[in-house]
Structure formats: structure tokens, C-alpha cells
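Here's a relaxed walk through a protein you may not have met before. Have a look at the sequence and the model, then read on.

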Amino acid sequence: MNAPHAPPPRLSLTLVAVRGAALGLAGAGLGRTLWHGVVEPRNALAFGLLVTLGELVRRGALPDEREPAPLAAAGALAYALLGQSAGRPTEHGVLQTVAVVVAAVLLGAVPHVARGSGPTLDHMARRVLTVGFAAVCFQPLVASGAWGERVGESPYHALLLLLLLILTALCDAVVAALILRARTRHPYGPLLRDELRALTCVGSAVCATGAVMALGVAVAGLWALPVFCVPLLLTQLSFRRYAAVRTTYRQTIASLARATEIAGYTRHGHAHRVAELSRAVGRELGLSGRELTVLEHAALMHDIGQLSLVDPVPDGATALLPVAEQRRIALLGGAVVRRTGVPSAVAVVVERQADPYRDQPLPARIVRTVNAYDDLATAGAGGGGGATGALSALERLRLGTGHDYQPEVVESLARVLSRGGLTPGRAG
């Protein structure tokens, strides 16, 4: 019996509101600029080209990567916070700032769209709202003269710019977490915590470069732009190398996880399904950052101990084995993982996945529960899988919450599945 196809998810009101606000702001900016013309076209062209260049050299984003185009983000922030150019006050205002950034992002996205890897609507909405927030906070002060009268060339100019950048970064984190919450329905707190943690990495470099660019252009004119964008461009190249290394690392772990499938010890796609579903359950329970990475890697490699067995477990379903045999396979798997160079935290989760849940760390509880669900839904319940097998598997997990499975983990798994989680038995 095949599982029924889930209906396509409807856009949440939050996502509609975020996209609508970004679209309205972008439309107002482009419309006003086209109607009244471009003010200070040299500045607009220079910053527009910088943002376009940043989008052209954007790197392919990893699943957990926050800012794939840091140079474009820094250039957009610098234009939003530009009050002077070579000592002369600027007058481009909020709407022209948004219009230039939108046009530059669209122009820089053309080659990526042609290759099928362009920025998403949510990425563009986030960019528009963030730049719009910075411009709304800064440009009216410049236009009214309040900034020059109260701050002028004093040291407080840089401090106030830094304060505005911090507020803008917080706004960006809030919007990004709202978008992820609307798309995944994971708890908002851990998502926001992840975004705030990212501000200490590439986010701080983007903000600092944006402020320095704005200050440099204010004193030296547009010639300051190429000078100040070089460090961030070099940083972006370093991140690209780091991303390539991390991608290779992920692929190595995935290849090790597939060894049990290739050898015929587990069903096709089992490790991938357990990893994806474990990550979703971990999000549901509030895990974030490195905790989720450890959980995902442990889930991918949770069955690697079966390679030490002389006779394969039927269908690779370790959840149907006696407890002592489950623990023996888990300890063998932990020993194998420790020899692969993977962090020891991953090995701990693998080797403790068969312990009573009260003695386990949370990632091990999640891996044990999700592995048992997939085993029971595909190999158990008459081997039928599908909707009937999934319901039967969840019922058996609930019956085992007294000793084997933590009730909160089982219920989190049920919530993830109810929102259209992975279908049991589907290839990963």
C-alpha cells in the first residue's frame, strides 16, 4: 500500500507578510526612482556595480549557510548608510537605496538563474527588508540635517553607524528566523539563536565592512570602494575553500553511511531517512548549531556497526533485535566511528543509541527513536510500510515510552510526521 501524497503546503501568513512587505518596498523604490530619475547617478552606479559583483561571485550556499553573498550584503549596507561622498552630503534617500539594491541583485542573479542556482524569493525579500530597515533608520536623519548638526565629523559618527549596523543585523536575524519558522514550523527560539550565533562569524565581517565602506566613501569618495571591498572578497574566497572542505567532509560521512546499504546490511535510503528525520526532530526539540550537526552525522552512521556482523540482520532492522544484541552492534559502531576521524561526540551518540533512554544524551534518544520508527514502519508492520506501517510504528513507539523511548521525542516525531515528514520506505 503506497502512502497518499501529501497536499502541497500552503504559504503561512508570516511568509506572505514578509514577501508582501519586501515586494511593496521594492515596488515603491523602483517606481519612485523610475518616475523621478536617479539622484547622484555616479554613487548609484558605483554601489550598484558593487552589489552586482557580490551577487555574481556568490558561492553555492550550503544547507545551513546564512550569507552566500557577503560582498553584496556589505555593499548594500554601505549604500544605505552613506551620508556623504567625498565630503558632500548625499541625497539618494530610502526608496532609491532600495531600488538600486533590488536592480543590482536581479542583475547579478541572471547567470545563477540560468544555471538553476539563483537566489530564492526569501533571500531577496530578506535582502530588501534588511537594507530598507538600515536606510529608514539613517537616510531621514541625513536628509533632515539632524545627523550633521548633532554628530557631524565627531568620533560619535562611527559609533552611531556601528549601533545602526547592530540593529540592522538584529533585524536581519529576526526576519531570517521568521522565514525559516514559516517554512519549517520549527521552534522560533532555536532558529533565532542560530541566526544570532551566525552574526559573530561572517555577519560581523559584513557589518564592519559596510560601515568602513560608508566612512571611506564619505572622506575619499568612490575610489574607496575597490580598496575596502578587497578584504571581504578575499575572505569570501577563503569561505569558498572552507565550504568545499566541509562539503567533502559531509560526502565522506554519507559514503561511510552507505557502506551498510551497499553491503546489503540495511535497506536502501535508511541512513538518509533517519538522518533527515532526526534533524527535523532535533529542531523540534530545540537543538541548533553544532548539536544538530553531531546529531545528523551520528544518525547517518548509526548502523555502521552492522559491518562487523557475520550474518546480516534481516532487513537491517536492529530495533527488532534483543536489547543485548542492539547494544553490541552500537558499541561496535562507536568503535568504528572513532577510527574515522569524526568528532568523538558523534561516536558517543552511536555507541549509546541502544541504552535505556534515561541514561542517554538527547541526540542518542532521537537517533534511537527515529531508527526504530523507520525499522518498524518499513520492515515491521507486515513489511508493508506506507501509511499503515507508519501508524503502527508510532503506536509501538508510544507503547515503549516506559523504558525504551523518551515520550517527548516520540511526540516530537509524531508532530514532524504530521507536517509531512519523510515517508517511511521512500528512498533517500
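## A first cysteine check

Is Cys-207 buried or exposed? Cys-207 has a relative accessible area of 15%, and since buried means under 20%, it counts as buried. Keep in mind as you go that this is a predicted model.

What about Cys-137? This one comes out as partly exposed, at 27% relative accessibility. It takes part in no disulfide, and the nearest cysteine sulfur belongs to Cys-171, 8.1 Å away. A disulfide needs the two sulfur atoms within 2.5 Å, so that pair doesn't qualify. In fact, the structure holds zero disulfides.

## The big picture

Now step back to the whole protein. You'll find 16 helices here, along with two strands. Of the 428 residues, 50% are buried.

As for the outside, the protein exposes about 20,000 Å², and carbon and sulfur atoms supply 64% of that. Contacts also link parts of the chain that sit well apart in sequence: taking those with a separation of 6 or more, 72% are between residues 24 or more positions apart.

## Following helix 9

Helix 9 covers residues 224-262, which makes 39 residues. How does its span compare with what you'd expect? At 1.5 Å a residue it should span 57 Å, and its end C-alpha atoms are 57 Å apart, so the two agree. There is still a bend of about 30 degrees at Val-230, with a proline, Pro-231, following within four residues.

Which parts of helix 9 are hidden? Its buried residues include Ala-224, Leu-225, Cys-229, Leu-232 and Gln-236, and also Ala-243, Ile-253 and Ala-257. Together, the buried residues of this helix pack against helix 2 (41-56), helix 3 (70-80), helix 8 (188-220), helix 10 (270-284) and helix 11 (290-300). After helix 9 comes Gly-264, with a positive phi near 85 degrees.

## Two backbone oddities

Most residues other than glycine have a negative phi. With that in mind, take a look at Glu-40, whose phi is positive, near 50 degrees. You'll find Glu-40 in the loop between helix 1 (13-36) and helix 2. It counts as partly exposed, at 21% relative accessibility.

Ala-86 is another residue other than glycine with a positive phi, near 55 degrees. It lies in the loop between strand 1 (84-85) and strand 2 (88-89). Ala-86 has a relative accessible area of 40%, so it is partly exposed.

## Thr-97, tucked away

Helix 4 spans residues 93-114, and Thr-97 is part of it. How exposed is Thr-97? Its relative accessible area is 0%, so it is buried. A polar atom of its side chain lies 2.6 Å from the backbone oxygen of Gly-93.

What surrounds Thr-97? Setting aside neighbours within four places in sequence, it is in contact with Tyr-79, Ala-80, His-92, Val-131, Ala-135 and Gln-139.

## Arg-327 and its partners

Last stop: helix 12 (residues 323-338), where you'll find Arg-327. This residue is partly exposed, with a relative accessible area of 33%.

Which residues does Arg-327 touch? Not counting residues up to four places away in sequence, it touches Ala-354, Asp-355 and Pro-356. Gln-353 is worth a look too: it is 26 residues from Arg-327 along the chain, and their C-alpha atoms are separated by 7.8 Å.

Note on methods: Residues numbered from 1 in each chain as written. Predicted model: local features only at pLDDT ≥ 70, side-chain atom pairs only at ≥ 80, totals over all residues. Heavy atoms only, no water. Buried < 20%, exposed > 50% of the residue type's maximum accessible area, 1.4 Å probe, protein only. Contact = heavy atoms within 4.5 Å. Areas by Shrake-Rupley, 256 points an atom, 1.4 Å probe, with all protein chains shown as cover. Expected span 1.5 Å × (residues − 1). Bend = angle between axes of the 7 residues up to and from the residue. Polar contact = N/O pair within 3.5 Å; in protein donor to acceptor, adjacent residues only side chain to side chain.
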